[in-house]
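Visitor: I am new to this structure. Please show it to me, and then I will ask how its labels are earned.

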Amino acid sequence: MNATITDFVGRAAVAPASRIESYIRATHFDRPTLVLDTQAVAEKFRALKDGLGRADIHYAVKANPDRAIIETLIELGSHFDAASRAEIELCLSLGAAPETISFGNTVKRASDIAFAHHAGIGLFAADAEEELDKIAEHAPGAQVYIRLIVDASEADWPLSRKFGCARDKALPLLARATRLGLHPVGFSFHVGSQTRKAAMWTATLDQVAEIWHRARAAGHDLSLLNIGGGFPAFYGEQIEHPTRYAAGVMELVAARFGDVPRVMAEPGRGLVAEAGMIAAEVLLVSRKSDSDTHRWVYLDIGKFSGLAETMDEAIRYQFTTDRDHEETGACIMAGPSCDSADVLYEKRPLQLPLGLKSGDRIIIRACGAYTSTYSSVGFNGFPPLDVVVI
């Protein structure tokens, strides 16, 4: 970050955003457009790396696979967490070395495992017997780590049980991997997306440490701890500075796991979210009745065109308008599509200028992660989110 390092980050401290905002205000857009700043990505990478120390950063490519971001991170020495063959091909095509890429999806097509193996990828995630069988057949001798289900997350967006195995399956899966000729090297987990403080990792790390030490006591020579993602971005609630945050997590790791030979971290949101803003437009401001207490504000972008993370109102984007000097009032925000699910914020209405009207520009902050990748190819005929890199 350009700002002086402090213990916490708030809206005024998000210095890289000013470059993007200046660009948006000086540019006319005829459709919703995500503006990315690779300089801000580089600054956040360095800040996280300063805190993570010896841990390898495996950027979660799914957060934003823009070629300019990948190229920037390769130059900085980043490693990569790939969720698919396409992401592996992207990283390799831009110059990433195979040994810096892990295949972190626990649900993989057999032919994609074979592709990755032949491309030189040697590290795979698994959380089930059949997945280990597929890896053994199509990537013989590969290193594998077992993803665990963890509980008691304090994240703004706790992850579901879709990925990971229960604790009672962890050791049997390690044993099965060994019998299959694979090399089980450790465990992975995800503390939950948008875990705003390092201290919030404590309970999760306690759970994983208990399994880790049981596995080592059973004779498994574990050498890799993949702490996953969870690194936060600023969405209006105070978060710790990325260097302090990452260092705090590593202190908790060291206290529970000792001198683990290899630690991986997989930041996605925390690395790129604040490096992007969306330039959008107000399409309509209305009230459903004369007695309505809340206005409805409709944008030219919604859940199906990039703002899918407003689902359940888990991610609270911050909005800037040219009328921010005016008096504000509560409003419900919705997207443009003809789908009744395309309502962004209703349970917790937003405070926006009372003078807001059709045609006004609105800037959505911290949109560098999980927006362009969630954008549909053209639901209701609306164009997918455009992307500009500065």
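Guide: Keep in mind that this is a predicted model. Let us start with E313. The side chain of E313 reaches the backbone nitrogen of R348 at 3.1 Å.

Visitor: What makes that a polar contact?

Guide: The cut-off for a pair of N or O atoms is 3.5 Å. The side chain of E313 and the backbone nitrogen of R348 are at 3.1 Å, so the pair falls within it.

Visitor: Where does E313 lie, and which residues does E313 touch?

Guide: E313 is in the loop between β13 (295–299) and β14 (319–321). Leaving aside residues up to four places away in sequence, E313 touches L344, Y345, E346, K347 and R348.

Visitor: Why is E313 called buried?

Guide: Buried means under 20% relative accessible area. E313 has 11%, so E313 counts as buried.

Visitor: And E274: how do you know whether E274 is buried or exposed?

Guide: Use the cut-off of 20% again. The relative accessible area of E274 is 11%, so E274 is buried. E274 sits in the loop between α10 (269–272) and β12 (276–286).

Visitor: Which backbone nitrogen lies 2.7 Å from a polar atom of the side chain of E274?

Guide: That of F234.

Visitor: Now the helices. Why are α2 and α3 called oblique?

Guide: Their axes cross at roughly 40 degrees and come within 10 Å. Roughly parallel would need an angle under 35 degrees, and roughly perpendicular starts at 65. The angle of roughly 40 degrees fits neither, so α2 is oblique to α3. The crossing is right-handed.

Visitor: Which residues of α2 and α3 meet?

Guide: From α2 (residues 38–52), T38, V41, A42 and F45 meet A68, I69, T72 and L73 of α3. By class, this contact has six nonpolar, two polar and no charged residues.

Visitor: What makes α5 and α6 oblique?

Guide: Helix α5 (residues 110–119) and helix α6 (residues 129–138) pack at about 45 degrees. Their axes are 9 Å apart. An angle under 35 degrees would be roughly parallel, and 65 to 115 roughly perpendicular. About 45 degrees is in neither range, so α5 and α6 are oblique to each other. Their crossing is right-handed.

Visitor: Which residues meet there, and how do they divide by class?

Guide: A110, I113, A114 and H117 in α5 meet E131, K134, I135 and H138 in α6. The contact divides into four nonpolar, two polar and two charged residues.

Key. Residues are numbered from 1 along each chain as its sequence is written. This is a predicted model: local features need pLDDT of at least 70, side-chain atom pairs count only at pLDDT 80 or more; totals for chains, interfaces and linings use all residues. Side-chain values use heavy atoms; hydrogens and water are left out. Helices (H or I, at least four residues) and strands (E, at least two) are DSSP runs, numbered from the N terminus. Buried means under 20% relative accessible area, exposed over 50%, partly exposed in between (1.4 Å probe, protein chains only). A polar contact is a pair of N or O atoms within 3.5 Å; within protein, one must be able to donate a hydrogen and the other to accept it, and residues adjacent in sequence count only if both atoms are side-chain atoms. Contact means heavy atoms within 4.5 Å. Axes are lines fitted to C-alpha atoms, for helices over the stretch in contact, and angles run from 0 to 180 degrees between N-to-C directions. Angles under 35 degrees count as roughly parallel, over 145 as roughly antiparallel, 65 to 115 as roughly perpendicular and the rest as oblique. A crossing is left-handed if the near helix is turned anticlockwise from the far one by less than a right angle, and right-handed if clockwise. Ala, Val, Leu, Ile, Met, Phe, Trp, Tyr, Cys and Pro count as nonpolar, Asp, Glu, Lys and Arg as charged, and the others, Gly among them, as polar.
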